[in-house]
Amino acid sequence: MNLSDKKAILSFSDDSTKIELPIYKGTVGPDVIDIRKLYSQTDMFTYDPGFMSTAACESAITYIDGEKGELLYRGYPIEQLAVNCSFLDICYLILNGELPNSAQKEDFDQTVTHHTMVNEQLHFFLRGFRRDAHPMAVLTGLVGALSAFYHDSTDITNPEHRHISAIRLIAKMPTLVAMAYKYSLGQPYIYPQNNLSYTGNFLRMMFATPCEEYKVNDVVERALDRIFILHADHEQNASTSTVRLCGSSGTDPFAAIAAGVACLWGPAHGGANEACLKMLEDLQANGGIEKVGEFMEKVKDKNSGVRLMGFGHRVYKNYDPRAKLMQETCKEVLESLGLQDDPLFKLAMEVERIALEDPYFVERKLYPNVDFYSGIVQRAIGIPTSLFTAIFALARTVGWIAQWNEMLSDPDYKIGRPRQLYTGYSARDVGNIETRK
């Protein structure tokens, strides 16, 4: 952080206290007021529900400008990365700060590829779940269980251990997600195959059976790889902050990432594309395109209880750059699979058209987000709706582990301890049971 020449002056209307607060400047984006000594100097905390105006950490990984609709991984625009790089290139970038050269790429890809298998006992661990359990329930348990199998690299004070854990998590997450899916179907698990790409291997583990050879569709592989890239990291969102907060206690990396998986499960976070697809399916079942206008009018009526899913974002107040890429990917996949007349895609296009033209949505800056099209793509690929959030967790793992590692590398890091505004009873006596109301 760079100290600014400016300082913030905090004063009170009763002239009781007046303090100076340092201001720090980032590379880009808003400056921050350092309030670390606020409590010791004023005996007060700040109040910021949802952390709308609070920077809880310093980070060099991801930058978002919501007003411009800009997303950078280590300074590179997402639009360039999604077109020119593979997901493993992005993993290397997010972990190491720079894109790999040819030799680094070959070494990194090979290292990840040779860590994709999981301990065979995890097969028995899976049997403890019901077959109809939600994949995120299964995945939360599986990721947390990894610390029981790979406890040789959980010394968080050792940078080499942290690196090994990062590689293991990135490599094994596709295997775990595919195992959870196969278990729900009652099909045999498909082991990783080292001659395939990261994403091609995942598709094979998901959809192959021992009965016949499985050929990876190049368009589908690239589409899913792009979904992984677009979800790799997204600054200090709920699940990333959860990983940091959990990790700040000194817990092992697998436990911290399992906490991130659990947080991502919520429909307001990782479950948003599942909710968006359900909205489109319900709309299709109740009249389709001809009812879109009527549906959008209901959305504008606050008393109707109808919500428009896949639009708007806590951070973006412009078109989500990931949504534009996802729309292009959606068209490519549907055309490749002969699904260009897919009714849900046509519905989505009509909903988007109205939202971008109607003053109600324009004034509120309700633009499509990445979830709006990613659900349609995954549905076309054959991924069940219940697995969408697990796919998200797979992609976000590299961001989580990089943020966790960055936090532990910061000499100023402390265990997270948010404060509160207490509004309960003041101190009172227990008394005798006869006197209680």
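This is a guided tour of the structure above, with a suggestion of what to select at each stop.

Before you start, know that the model is predicted: local features need pLDDT of at least 70, side-chain atom pairs count only at pLDDT 80 or more, and totals for chains, interfaces and linings use all residues. Residues are numbered from 1 along each chain as its sequence is written, and side-chain values use heavy atoms, with hydrogens and water left out.

**Stop 1: a sheet at the start of the numbering**

Select residues 2-11, which are β1. Strands here are DSSP runs of E with at least two residues, helices are runs of H or I with at least four, and both are numbered from the N terminus. With β2 and β3, strand β1 makes an open sheet in the order β1-β2-β3, with antiparallel pairing. Two strands pair if DSSP finds at least two bridges between them. Since β1 and β3 (32-33) each have a single partner strand, they stand at the edges, so one side of each is left without a neighbour in the sheet. Now add residues 18-25, strand β2, which two bridges join to β3. Click on Tyr24 and look across to its bridge partner in β3, Val32.

**Stop 2: a second sheet and its hairpin**

Move on to another open sheet of three antiparallel strands, in the order β4-β5-β6. Its edge strands are β4 (62-65) and β6 (76-77). Select residues 70-73 to show β5, which is joined to β4 by four bridges. Thr62 stands opposite Tyr73, while Asp65 has Glu70 as its bridge partner. Four residues lie between β4 and β5 in this hairpin, and Gly69 in the turn has a positive phi of about 70°.

Are the two faces of β4 covered or uncovered? Both are covered: Thr62 and Ile64 on one side, and Tyr63 and Asp65 on the other, are all buried. Buried means under 20% relative accessible area, exposed means over 50%, and partly exposed is in between (1.4 Å probe, protein chains only).

**Stop 3: aromatic rings**

The whole structure holds 13 aromatic pairs. Rings of Phe, Tyr and Trp (its six-membered ring) pair if their centres lie within 6.5 Å; planes under 30 degrees apart count as stacked, over 60 as edge-to-face and the rest as tilted. Select Phe87 and Tyr198: their ring centres are 5.4 Å apart and their planes are at 40°, so this pair is tilted. Phe87 belongs to helix α3 and Tyr198 to helix α8, 111 residues apart along the chain. Both residues are buried. Add Phe202 and Phe228 to see the one aromatic cluster that they form with Phe87 and Tyr198.

**Stop 4: charges over rings**

Next, select Arg364 and Tyr360: the charged end of Arg364 sits over the ring, 3.7 Å from its centre. A charge sits over a ring if NZ of Lys or CZ of Arg is within 6 Å of the ring centre and within 35 degrees of the ring normal. Arg428 sits over the ring of Tyr425 in this way too, with its charged end 3.4 Å from the centre.
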